[in-house]
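Let's take a friendly walk through this protein model, with the structure open beside the text. We will begin where two parts of the chain meet and then turn to some local details.

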Amino acid sequence: MSHISNRQLFLDHVAQTSPAPIGLEIVKARGIYQYDINGKPYIDLISGFSVCNIGHGHPDVVKAVQQQAAEYMHLIVYGEFIENPQVQYARMLADLLPESLNCVYFTNSGAEATEGAMKLAKRATGHSKIIAFNKSYHGSTQGALSIMGDEYFRNAFRPLLPDIYHVDYGSDAAIDLIDDTTACVIMETVQAESGLNAPAKEWIQQIRKKCTDHNVLLVFDEIQAGFGRTGSLWAFGQYEVIPDILLLGKALGGGMPLGAFISSWDLMQTLTSSPVLGHITTFGGHPVSCAAGKAALEVLLDGKFISDVKKKETIIQQQLQHKAIKQLRTAGLWAAVEFGSFEINQKIIHRCIQNGLITDWFLFAPECMRVGPPLIITEDELIKACEIILQSIEEAI
Ligand code: PLP
């Protein structure tokens, strides 16, 4: 039998999402590094798009996974049995959130959390109108796609959900549109895929007020922005506003698949009747994912990682200066490095990968390079990463 490389098998048998996958074959990942089949190390400057906030392969997380897998894995559909990893993690999250966010519905993914939140908002208000934002990303399933803020990605899949209104992030139009017929406003607390857009505090507070005045639910998506990325455990903490529903995912599972939509207990109760089982999921809140997520969150909180984020943000701002960089937007240990075009950005990204640094572009800002390393990155490692970017710019253009 002839030997077929994994690369060929990947191309032939694993469903492709684009004509140009990054295509690295990684065999091991530890801390901020990923290692390919030749043993070459790469600094991970993406963290799996904010999944690996405490880096790769932390022994506490590995141990939690192994122990839970040995106890039990899947038992029954979500919500029927009392599963220790799930209840302990829900309690930990509730303790770390404002009192009104005390009830966690665990899902498989971020997109499923978005779906759950949209359903909850419709069910609780009796309305279907949803206000969402241009250049926002909340997942790729059909409900989440309906509120995605980009016509190119939506258009081929119509008909999608009706009664969705898209407005610009930060615009007065968002506030004007909120009325008594609105189910919810759904927004990323810091918009990610637009190439990082942090909202003005007054604007987000005005949205909160108008939602409260009209009994409209405010949904914050912190699937990428949560878990310390912006310098506080929850990004909304910096804006002094509390959502009615919070979406979490990515780092929530500590490297395992997990999402959640979180609200008050009373609000969440509306999914238990008329119809009963208002949201059903087989694998949501998987015990191994919950055990891993809780262990990862403990590591994140025990280290000084979140309190060091702002200092590391300053390092990025100081280091990443080059005439080819048109703009640098940061939001904690998270940066969008804007170049003149997608083509230039692509060349630099390829060069970075050759130089041992994994980075990528933003979905709705292809001219921007993504900088979002694990929060455990040291200052020296971060400076080294910035030096590789600057060297790659020089080599690529
Ligand atoms: N919301 C945001 C802000 C995201 O960045 C993502 C994923 O990139 C999602 C939702 C969807 O999460 P998932 O890919 O787990 O479905």
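## Where the domains meet

Between domain 1 and domain 2, 15 residue pairs are in polar contact, counting pairs with both residues at pLDDT 80 or more. That confidence value is there because this is a predicted model. On the side of domain 1 that touches domain 2, α2 (47–50), α12 (309–319), β11 (327–330), β12 (335–338) and β15 (365–371) each supply at least two residues. The largest share comes from α2, with 3 residues. Sorted by class, this side of domain 1 has 17 nonpolar, 6 polar and 3 charged residues.

How many salt bridges does the rule find across the interface of domain 1 and domain 2? It finds 1 salt bridge there. In the model as a whole, the count by this rule comes to 14 salt bridges.

To place these contacts along the chain, note that domain 1 covers 6–53 + 305–396, while domain 2 covers 59–302. The C-alpha centres of domain 1 and domain 2 lie 26 Å apart. In terms of contacts, 26 residues of domain 1 touch 29 residues of domain 2. Together the domains bury about 2,300 Å² between them, and 64% of that area is on carbon and sulfur atoms. I306, W334 and F364 are worth finding on screen: they supply 36% of the area that domain 1 buries against domain 2, more than any other three residues.

## Two salt bridges to look at

Side chains of opposite charge can pair when their charged atoms come close. In this model, E193 and R370 meet through their side chains in a salt bridge, at 2.7 Å from N to O. Another salt bridge links D95 with R91, where the closest N and O atoms are 3.7 Å apart. D95 and R91 are 4 residues apart in helix α4 (residues 84–96), which means that about one helical turn separates them.

## A sheet of four strands

Next comes an open sheet of 4 strands, in the order β1-β2-β3-β13 and with mixed pairing. β1 (26–30) and β13 (357–358) stand at the edges with a single partner strand each, so one side of each has no neighbour in the sheet. The pairings can be followed one by one in the table.

| Strand pair | Sense | Bridges | Residues opposite each other |
|---|---|---|---|
| β1 and β2 (residues 33–36) | antiparallel | 4 | R30 and Y33 |
| β2 and β3 (residues 41–44) | antiparallel | 3 | Q34 and Y42 |
| β3 and β13 | parallel | 2 | D44 and I358 |

The hairpin of β2 and β3 has 4 residues between the strands, and G39 in this hairpin takes a positive phi near 85 degrees.

## Backbone details in the loops

Which residues does a cis peptide bond with omega of about 5 degrees join? The bond joins R158 and P159, and P159 lies in the loop between α7 (151–155) and β6 (164–167). The peptide bond from S274 to P275 is also cis, with omega near 0 degrees. P275 is found in the loop between α10 (265–269) and α11 (287–302).

One more backbone angle deserves a look. K250 has a positive phi of about 45 degrees although it is not a glycine. Its place is the loop between β9 (245–248) and β10 (259–263).

Methods:
Residues numbered from 1 in each chain as written. Predicted model: local features only at pLDDT ≥ 70, side-chain atom pairs only at ≥ 80, totals over all residues. Heavy atoms only, no water. Domains from an automatic or database assignment. Contact = heavy atoms within 4.5 Å. Buried area = accessible area lost by both parts, 1.4 Å probe. Salt bridge = Lys/Arg side-chain N within 4 Å of Asp/Glu carboxyl O. Polar contact = N/O pair within 3.5 Å; in protein donor to acceptor, adjacent residues only side chain to side chain. Nonpolar A, V, L, I, M, F, W, Y, C, P; charged D, E, K, R; others polar. Pairing = 2+ DSSP bridges.
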